[in-house]
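Colleague: I'd love a really close look at one part of this structure, plus whatever surrounds it. Could you pick one residue and walk me through it slowly?

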Amino acid sequence: MTGGPLAGIRVVDLTSVVVGPTATLFLADYGAEVIKVEQPAGDLLRSLGGRSHSGQLCGKFSHFNRNKRSLALDLKQDTARAALERLLRKADIFIANVRPAALDRLGLGTAPLRARYPRLIVCNLVGFRQEGPYRDRPAYDSIIQGMAGVAACNERVLGEPRFVPMVFADHVVGLIAAQCILAALYQRERTREGQAIEVPMFENMAAFVLAEHLGDRTFVPALGESGDRRVLHPLARPIKTKDGWICISANTDAQAFALFDALGCPELKDDPRFCSVKARYDNVREYFEVRAQGLSRRTTGEWLAIFEQADIPAGRVHSFDSLTADEHLVEIGFFRQVEHPGEGGMIDMAHANKFSAGLREDYCPAPLLGGDSIDVLSELGYAKDEIDEMVQLKAVIDGRAAC
């Protein structure tokens, strides 16, 4: 493993499914050595998101777990816990999305870890802040989407609450966790002390939603209702063209006036309903209706050419499949075919962000379950007979990780 701003940082990753692996994916792409510690049954996501040739991982798992190593340990066993402790002695970050009570039973509670390893950054991803009445509740993406108001956004639009059809809360909170860890690493550079971080899903998503939609209830006394009626309007959606769909965002006066010219109704620039940002906000239904009626007259391609010339923000509405053929993504080499030792050819995505000093130079596809156990335990100084006690050999024989 070479390169990246986090080169030389070791992460012990006791997370599963999406929220934790999202956080550690970014750390791994930035160059950290991420050792994914899995129970012998493996991360649930290995089989939750579809099929694969080997049966050990699915497409979804592969995208959240590239550039990581897999160490399979049964942490109910004393020898396995001792191995984990040996790993933690050389670690910079420990991250888990296991409920705190379960971590305490394993001897991995925050306070004992901090006492044993003062430089260690301990990050616990939890459902709810631990001083509140929900502290012991299990939390999954759908539960958090419902409780934090994400599903209510769709209720305002569709008349009934619906989830965003992806593990949206997991993605958002995973990114927040990575951000918190990076901030703690920066502070450790100055103080030489680690710290404990608690990243709760519910509170983070409540803040995420209400920053957008607390709206007029922000003030005391309230000036009106909650919710941004512009983005919650039923017509705030992709717009039907002559041959497909388009998305457009004309918010400034310059953009809206250019849109009126493009639609062939320049007189609307002087219409009191549309002549300013506030006027269009107050008359959002009428404004959206004008857009929808006008855009139905041409094809998506014709409108995109017109809008590009007029500097009006717009884009094609992709399907999942057409997105993989997007000309911009193809041109920048966003998609790449890689070889996986247990799966053969696979499609992977490049890291979206660029660093002038570069990211990690190597690439490792998502590991097979326990595929790095022998190597990691050997690096920790274990002899072969000791390793055999801790590792389910079948997981190792089935296929070593690519690197």
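Modeller: Sure, and let's start with a word we'll need all the time: contact means heavy atoms within 4.5 Å. Two quick notes before we go on. This is a predicted model, in which local features need pLDDT of at least 70 and side-chain atom pairs count only at pLDDT 80 or more, while totals for chains, interfaces and linings use all residues. Residues are numbered from 1 along each chain as its sequence is written, and side-chain values use heavy atoms, with hydrogens and water left out.

My pick is Arg10. You'll find Arg10 in strand E1, which covers residues 10-14. Elements like this are DSSP runs numbered from the N terminus: helices are H or I with at least four residues, strands are E with at least two. Is Arg10 buried or exposed? Its relative accessibility is 13%, so Arg10 counts as buried. The cut-offs are under 20% relative accessible area for buried, over 50% for exposed, and partly exposed in between, with a 1.4 Å probe and protein chains only.

Who sits around it? Setting aside residues up to four places away in sequence, Arg10 touches Glu33, Ile35, Leu87, Lys90, Ala91, Asp92, Ile93, Glu379 and Leu380. Two of those names, Glu33 and Ile93, are worth following up.

Take Glu33 to begin with. Arg10 and Glu33 form a salt bridge, and their closest N and O atoms are 3.0 Å apart. Since Glu33 belongs to strand E2 (residues 33-38) and Arg10 to strand E1, the pair ties together parts that are 23 residues apart in sequence. For the record, a salt bridge is a side-chain nitrogen of Lys or Arg within 4 Å of a carboxyl oxygen of Asp or Glu. Glu33 is buried too, with a relative accessible area of 14%.

Glu33 has another partner. Its side chain also meets that of Arg69 in a salt bridge, at 2.6 Å from N to O. This pair links distant parts of the chain, with Arg69 in strand E3 (residues 68-72) and Glu33 in strand E2, 36 residues apart. Arg69 and Glu33 are both buried.

For contrast, look at a bridge somewhere else. Asp282 and Arg229 form one with closest N and O atoms 2.9 Å apart. Again distant parts of the chain are linked: Asp282 is in helix H12 (residues 277-282), Arg229 is in the loop between H10 and strand E7 (239-240), and they are 53 residues apart. Asp282, though, is partly exposed at 37% relative accessible area, and Arg229 is partly exposed as well, at 38%. Back at our spot, salt bridges that share partners join Arg10, Glu33, Arg69 and Glu379 into one network. The whole structure has 24 salt bridges.

Now for the other neighbour, Ile93. Along with Val11, Ile144, Val199 and Met205, Ile93 touches the most other members of the largest nonpolar core, which has 35 residues. The elements giving two or more residues to this core are helix H1 (19-29), strand E4 (93-96), strand E5 (121-126), helix H9 (168-191), strand E6 (196-200) and helix H10 (201-213). H9 gives the most, with 9 residues. Apart from this core lies another one of 28 residues, including Leu75, Ala83, Ala96 and Val376. In case you're wondering, a nonpolar core is a set of buried Ala, Val, Leu, Ile, Met, Phe, Trp, Tyr and Cys residues joined through side-chain atoms within 4.5 Å. In soluble globular proteins, nonpolar side chains tend to be buried together.

Ile93 brings us back to where we began. Leaving aside neighbours within four places in sequence, Ile93 is in contact with Ile9, Arg10, Val11, Val12, Leu27, Leu120, Ile121, Ile181 and Leu185. Leu27, for its part, is one of the buried residues of H1. In fact, 10 of the 11 residues of H1 are buried, so this helix is largely enclosed by the rest of the structure.

So here's the picture to keep: buried Arg10 touches Glu33 and Ile93, among others, and Arg10 shares a salt-bridge network with Glu33, Arg69 and Glu379.
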